[in-house]
Each structure stands twice: as C-alpha cells, then as structure tokens.
Amino acid sequence: MTPAISIRNLKKSYEDTVALKGIDMTIGDGEFFGLLGPNGAGKTTTINILTGLVRKNEGNTEIFGKDTVKDYRFTRSQVGISAQEFTQDWFFPLDKLLYFQAGYYGIPKAKAKDRVDELLSRLGLEEKRESRLRQLSGGMKRRFQIAKALVHDPRILILDEPTAGVDVELRHELWQYFRELHQAGKTILLTTHYIEEAEMLCENVTIIDKGRVITEGSPKALTNQLGKAGITINVTDTEADIESCLKDFTYTREDGRLHFTTQDPEEAMPEIINVLTRQGCHIQRVETTKSSLEDVFLSLTGKGINE
Ligand code: ADP
C-alpha cells in the first residue's frame with residue numbers, strides 16, 4: 001500500500017545551521033504518528049518541507065506517492081496543518097476565515113457552509129463564530145487552528161505542538177477529538193515535546209535529535225526494549241514455596257516483597273499473580289513501574305528531551 005507520507009534522506013541547511021542531516025520516515029495511510037524531539041531537533045523544518053513552506057536541499061518527500069515539489073497542488077490538497085504559531089488574521093470573524101480557507105481549496109459554497117458549521121460545533125466554537133481571533137482565549141485559538149486545518153477534509157492532518165499552552169481539561173478534550181479523527185481514517189502526524197501525549201496517542205513514533213533520527217517504532221516496543229519495567233508484589237504468606245513456582249521469572253525478594261523485572265509487564269503480571277495465588281499466597285499490593293519514551297530518549301542521548 002502506498003504510504004501517506006514518505007521521507008527519504010531529507011537534508012536541509014539554513015545559512016549557518018544544519019537543521020536536517022538525512023531524515024527517513026514512513027507514515028502509513030491512517031496511521032497516528034508522532035515526530036518527537038527536543039527544541040531545535042528539526043521537527044518544524046521537516047513539516048514545513050512537507051507542506052512546501054521550506055525548500056529542502058536534498059532527499060525525497062512524497063505524499064500518497066506523489067512528490068511534494070513536482071506535484072505540489074495534489075500533495076497540498078491532501079494535507080491540513082495546524083501550525084505551532086497562531087495566524088494573525090485579526091480582522092475577520094471566525095466563520096469568514098474558515099470560508100476563505102474553504103475557498104482557497106476550491107470547495108463549493110454550500111459544502112463549505114456545512115463543513116464550517118460542523119467544525120465550529122464540534123470544536124465548541126459555535127458561540128464564537130462572529131468573534132475575531134484576538135477576542136479568543138489561547139485554547140480557543142488553538143481549536144480554531146485545528147478547525148482551519150480540517151476545512152477541506154484533508155486525508156492527512158499535521159498537528160505541530162497542538163496542545164502547547166493549553167490547559168489540562170482542553171488537552172484531554174483535544175486528545176479525544178484526535179482519536180475520533182484517527183478512528184474515522186485520517187492519517188495524523190503529531191509533533192510534540194509532551195512525551196506523554198505521544199505515548200498515549202501514537203501508534204508509531206520517530207524520535208529525532210540534532211537533525212538525525214535516533215530511534216523509531218511503537219511506543220510500547222521502544223519502552224520494552226529498555227527492559228526496565230518492574231512489578232512489585234507484596235504477599236502475606238511467606239511460608240508458601242514461592243521459589244520453585246517463580247523459577248521462570250526474574251525477581252528479587254525481601255521477605256514479603258517480590259520485585260520482578262520484565263520486558264512486558266502487561267503480559268507478565270497476570271501470569272505472576274496466577275502462579276502466586278495457586279501457591280496459596282495472599283496478595284496484598286501490586287505496583288508497576290514502566291519506562292517511558294523519556295527514558296528511551298535519555299538512554300540514547302544521555303539527556304532529557306525537554307532539557
Ligand atoms: P524543532 O521544530 O524541532 O524545534 P526546527 O526545525 O524549528 O526544530 O529547527 C531546527 C534547527 O534549524 C534549529 O537549530 C533552528 O534554530 C534552525 N532554524 C529553523 N528555522 C530557521 C530559519 N528560518 N533560519 C535559520 N535557522 C533556522
């Protein structure tokens with residue numbers, strides 16, 4: 001199947017900065033994909049090259065199999081982008097701005113009206129349709145930006161730091177909305193430095209640092225590779241023959257506290273509990289500690305992603 005986005009050996013230098021040193025990335029049709037990395041890693045440059053805002057020096061970028069430079073019109077029509085920085089369209093009401101955007105993509109008036117009404121309602125901006133952008137809160141501006149990206153119903157939605165500066169409640173609402181869009185079949189490319197956001201939403205991620213890919217895969221596979229996940233179980237009956245029944249597991253023991261190390265706690269936990277219960281142990285308490293993508297980044301670069 002043709003991928004939604006394909007990036008090969010992408011290189012870009014600005015006057016005195018090498019921003020991308022040969023990036024490769026493939027995003028499948030319908031995938032929820034995260035592009036992660038610290039500030040200055042090259043995330044926005046990558047996105048801007050995909051959408052034609054920045055010119056690449058070397059490499060290939062394709063959207064649904066078409067070159068983003070040679071087939072600019074087609075590839076642009078397939079993508080909606082919610083940029084990190086707010087647009088400065090201060091003079092028109094929100095609905096007008098959305099109609100302009102629809103017009104820009106050649107969407108007939110009647111269809112545009114349905115689409116604008118639907119998006120304003122879905123993103124909780126109905127009451128603000130006649131307001132100007134400067135009258136909106138930061139969270140509302142963010143929602144408007146997402147509506148604008150979706151007016152022409154693109155197959156690919158690019159979200160550049162979509163929850164930056166957004167309060168916790170709205171963040172959860174937006175996550176829910178992104179999940180719905182994904183379930184409806186949209187391909188989503190999310191850039192974020194909120195690691196938790198990517199871990200929760202993305203099926204696959206690519207982590208970049210200083211213009212290079214440092215690792216890629218599903219959040220689960222990447223964190224499992226570290227093999228640092230742990231399960232601690234407190235049992236009351238320490239007379240039971242725990243040693244022989246737990247011989248297949250890696251663990252240490254301090255009286256009634258058992259510490260297990262496992263690659264995949266979700267799989268190991270029910271098995272361990274089962275074995276202990278069969279042995280007549282009474283389980284008092286279970287705790288798990290899991291590695292995060294932050295740990296993955298730390299182990300590969302020796303620094304935290306937001307340092
Ligand atoms: P990120 O989005 O991951 O924070 P960027 O793509 O914005 O990273 O930036 C990558 C590097 O390129 C940084 O070192 C940044 O300072 C530099 N850079 C980005 N845009 C420009 C520009 N227009 N002119 C010069 N340098 C730039």
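The following legends describe close-up views of a predicted model of one protein chain with its ligand.

**Figure 1. The whole chain, with its helices, strands and two assigned domains.**
The predicted chain contains eleven helices and 14 strands. Along the principal axes, its C-alpha atoms fill a box of roughly 75 × 45 × 40 Å. The domain assignment gives domain 1 as residues 5–223 and domain 2 as residues 229–290. Between the C-alpha centres of domain 1 and domain 2 the distance is 44 Å. Of the 307 residues in the chain, 48% are buried. The accessible surface comes to about 15700 Å², and carbon and sulfur atoms account for 47% of that surface. When contacts between residues at least 6 apart in sequence are considered, 68% join residues at least 24 apart.

**Figure 2. The shell of residues around the ligand.**
The ligand is surrounded by Tyr14, Thr17, Ala19, Pro38, Asn39, Gly40, Ala41, Gly42, Lys43, Thr44 and Thr45. By residue type, this shell divides into four nonpolar, six polar and one charged. Helix α1, which spans residues 43–50, supplies the largest share of the shell, namely three residues.

**Figure 3. Polar atoms placed close to oxygen atoms of the ligand.**
A backbone N or O atom of Lys43 lies 2.9 Å from an oxygen atom of the ligand. For Thr44, a polar side-chain atom lies 2.7 Å from a ligand oxygen atom. For Thr45, the corresponding distance from a polar side-chain atom to an oxygen atom of the ligand is 2.5 Å. Taken alone, the ligand exposes 560 Å², and the protein buries 60% of that area.

**Figure 4. Helix α1 and the residue Gly52 that follows.**
Helix α1 is mostly covered, since seven of its eight residues are buried. These buried residues are Lys43, Thr45, Thr46, Ile47, Asn48, Ile49 and Leu50. Two of them, Lys43 and Thr45, also belong to the residues around the ligand. After α1 comes Gly52, whose phi is positive, near 85 degrees.

**Figure 5. Ser82 in strand β6.**
Ser82 is located in strand β6, which covers residues 79–82. The relative accessible area of Ser82 is 0%; because buried means under 20%, Ser82 counts as buried. Leaving aside residues up to four places away in sequence, Ser82 touches Gln145, Ile146, Ala149, Ile158, Leu159 and Asp160.

**Figure 6. Helix α8 and the elements that cover its buried residues.**
Helix α8 comprises residues 219–226, and Pro219, Leu222, Thr223 and Asn224 are buried within it. The cover over the buried residues of α8 includes helix α7 (195–201) and helix α11 (293–301). Strands β9 (204–209) and β10 (212–217) also contribute to this cover.

**Figure 7. Thr301 in helix α11 and its contacts.**
Thr301 is found in helix α11, one of the elements that cover the buried residues of α8. With a relative accessibility of 26%, Thr301 counts as partly exposed, because this value falls between the limits of 20% for buried and 50% for exposed residues. Not counting residues up to four places away in sequence, Thr301 touches Asp209 and Ile214. Thr301 and Ile214 are 87 residues apart in sequence, whereas in space they are 8.5 Å apart, C-alpha to C-alpha.

Key: Residues are numbered from 1 along each chain as its sequence is written. This is a predicted model: local features need pLDDT of at least 70, side-chain atom pairs count only at pLDDT 80 or more; totals for chains, interfaces and linings use all residues. Side-chain values use heavy atoms; hydrogens and water are left out. A residue is near a molecule or strand if one of its heavy atoms lies within 4 Å of it. A polar contact is a pair of N or O atoms within 3.5 Å; within protein, one must be able to donate a hydrogen and the other to accept it, and residues adjacent in sequence count only if both atoms are side-chain atoms. Accessible areas come from the Shrake-Rupley method with a 1.4 Å probe; for residues, only the protein chains shown count as cover. Helices (H or I, at least four residues) and strands (E, at least two) are DSSP runs, numbered from the N terminus. Ala, Val, Leu, Ile, Met, Phe, Trp, Tyr, Cys and Pro count as nonpolar, Asp, Glu, Lys and Arg as charged, and the others, Gly among them, as polar. Buried means under 20% relative accessible area, exposed over 50%, partly exposed in between (1.4 Å probe, protein chains only). Contact means heavy atoms within 4.5 Å. Domain bounds come from an automatic or database domain assignment.
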